[in-house]
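Work through the exercises below with the sequence and the model open. Each one sets a task and then solves it in steps.

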Amino acid sequence: MSTIRVRSPASYWLAVPAAAWMLGVVVVPIVLLVWVSLWGGRTFSPASPLTFDNYARFFANQTYIKLAGTTVMHTVMLMAVTGVLGYCIAYCLVMKVRSPGWRLALFLAFIIPFWTSTLIRAIAWVPFLGVNGVINQLLMSIGATRSPIEAFLYSKTGITMAQVSLYTMMAAGPVVYMLSSIAPQLREAAMTLKATPLTVFWRIVFPLTLPGVVIGQVLVFLNVMSDFATVATIGGNKHALLSNLVLLFYESSQIRAASVVAVLLMICMLVGVIIALRVVDVRRLGVER
Amino acid sequence: MIGWKGRSSLTAWVLGTLTVIFLAYQWLPIFTLGLLSFSGPTGGTTFPMNGTSFHWYQELWRASVMNDFKPPLLRSVLLAAACSATTIVLSVMAAQAMRGQFRGNGWFFYLMLLGIMAPGILVGFGFAILMRLMGVDLSWDTTTFLVQVSWTLPFGFLTMLAVFNRFDKRVEEAALTLGASRLSTFRRITLPLVLPGVIGAGLFGFSLSYDEYARSMFTTGPDATLPLAVMAQLDRQLTPEIYAVGTTTTLFSLIAVTLCTVAFWAMRRSTSLRRT
């Protein structure tokens, strides 16, 4: 017995407002993007004939194809860096930090920046990266370089550095969750059977945390693919990824071109998520009932 | 050869060092931002600071029309409050509905997850086109509100699902057995017990809406919210004033997080009290 009867009409009606909201604001606009990207003709109206011309125009341009390639490469590199770094940090937090007080303090220290504005955190990298920035001043004071390196602000390096700091905890979080749910007896049993620590890690610990790794990678993938704000803040106008292209076309009122890029971005993301779902069954983790 | 124990503590040292370095890597920019916001009137956007002062905070206060952050701040706070309130009502309703296991609740769950997974740039852009086709004017208090709730609601929903999972159902059963109606049981027993979780969901919604940039950018129209105003100012000119805004909103967010943590802690305490 509970305050709501199982399979009652009331439970159905309680879900309707939220479902309608999500359908109207998330699902309909995304379907609309696909539709608009197929509009031909000269005027922007629903009466336009449907063609693949917009896509043909996009793929005819070498620059755009290269940009798509750069975006995917950049994302894959960030996934690798944040994945390895995040796993190391998660392993350290769960397995190596013994005192509960320290562990809580470290957890908070990692999580708190995560709660503040991503935009502000991206802007916070600007005074670090410039020609007179903190990194260059530091390098010059220890004598590593004589003249400031211009390669940080308005560069790929700078964007990568900022994004690593923004997204590593996204990769680490799910791993922390999976690591702390491994029973210590499993490792002890393997050790008793004379497995080396490395074997224990690769054959027992790592496979058990794999779902966490994959979820973390999906989160990083989705966020980096669509993160135009960091690229715009730190890359200036010199660098762009696919998501910036959406914005660029939108601002110059090329709505159909923008929708084409948006749809391609969406397809990349869907492919990524589907590959991830083939590796782990996320549903087993998501619905705890 | 080093033995197992030696190697294990070596790994611990290496991983520990890496963790501490990354921690510094994550925090240093934020501290620098805070520090530089107190630089003197002639201070630039990087070191040296040229003295310390509240100059840039004063500048923030008596701003000109061009870079006045007060109206955007007011809009952002009002919008976040509205999103938070809507999130609370809808997510409690939706989570309660999930307890009723209505037909298609699996689909419903995935629909909510989609709201978290779908990137803001796609949702914002798609919604902007939809509004354009429907002939609706973009504005921070209508269209942006609609879009932002679709972002805050799933997080509130997941929070409420977790809260209802931890919740001791026997208390409800007792009230119902004693003849209370379902509605009054919910109002007088269930709601007070899950209230800290509800507050947590609300603060979650507030913070997410307050910081949201991508969704607002496409749907806001002429009157900007705070993140949009900050980005616009960044495009025009980078001054320590932006750092002052950044420091202020970061502190604001931290206060919200602290309140959230305290609410959850209070809930944990109330549940553990019940068990003893």
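**Exercise 1: a loop residue**

Not counting residues up to four places away in sequence, A:Ala195 touches A:Ala190 and A:Val200; two residues are in contact if their C-beta atoms, placed from the backbone, lie within 7 Å. This is a predicted model, in which local features need pLDDT of at least 70 and side-chain atom pairs count only at pLDDT 80 or more, while totals for chains, interfaces and linings use all residues. Residues are numbered from 1 along each chain as its sequence is written, and chains are lettered from A and ligands numbered from 1 in the order in which they are written.

Task: locate A:Ala195 and state why it counts as partly exposed.

Solution.
- Step 1. A:Ala195 sits in the loop between α9 (184-192) and α10 (197-225) of chain A. Helices (H or I, at least four residues) and strands (E, at least two) are DSSP runs, numbered from the N terminus.
- Step 2. A:Ala195 counts as partly exposed because it has 16 C-beta neighbours inside 10 Å. A residue is buried if 20 or more other C-beta atoms lie within 10 Å of its own, exposed if 12 or fewer, and partly exposed in between.
- Step 3. From the C-alpha atom of A:Ala195 to that of A:Gly133, 62 residues apart along the chain, the separation is 49 Å.

**Exercise 2: helix α5 of chain B**

Task: describe the span and the surroundings of α5(B).

Solution.
- Step 1. Helix α5 (residues 120-134) of chain B has 15 residues and reaches 21 Å from its first C-alpha to its last, close to the 21 Å expected at 1.5 Å a residue. The expected span is 1.5 Å times one less than the number of residues.
- Step 2. Of the 15 residues of α5(B), 12 are buried, including B:Gly120, B:Phe125 and B:Met131.
- Step 3. The buried residues of α5(B) pack against α1 (9-37), α11 (228-235), α12 (242-251) and α13 (255-279) of chain A, and also against α6 (143-166) and α9 (214-219) of chain B.
- Step 4. B:Gly135, just after α5(B), takes a positive phi of about 75°.

**Exercise 3: chain B and its two domains**

Task: set out the helices and domains of chain B.

Solution.
- Step 1. Chain B has 11 helices and zero strands, and 45% of its 276 residues count as buried.
- Step 2. The domain assignment, which is automatic or from a database, gives domain 1 (4-56) and domain 2 (65-275) of chain B. Their centres, taken over C-alpha atoms, are 31 Å apart.
- Step 3. Nine residues of domain 1 of chain B are in contact with nine residues of domain 2 of chain B. Helix α1 (residues 4-36) of chain B gives the most to the domain 1 side, with four residues.

**Exercise 4: the two chains and the core**

Task: account for the contact between chains A and B and for the largest nonpolar core.

Solution.
- Step 1. Chain B puts 81 residues into the contact and chain A 73 residues. On the chain B side, α1(B) gives the most, with 18 residues.
- Step 2. The largest nonpolar core has 136 residues, and those with the most contacts inside it are A:Val246, A:Val261, A:Ala262 and B:Phe125. Such a core is a set of buried Ala, Val, Leu, Ile, Met, Phe, Trp, Tyr and Cys residues joined through C-beta atoms within 7 Å.
- Step 3. Helix α8 (residues 156-180) of chain A gives the largest share of this core, 12 residues.
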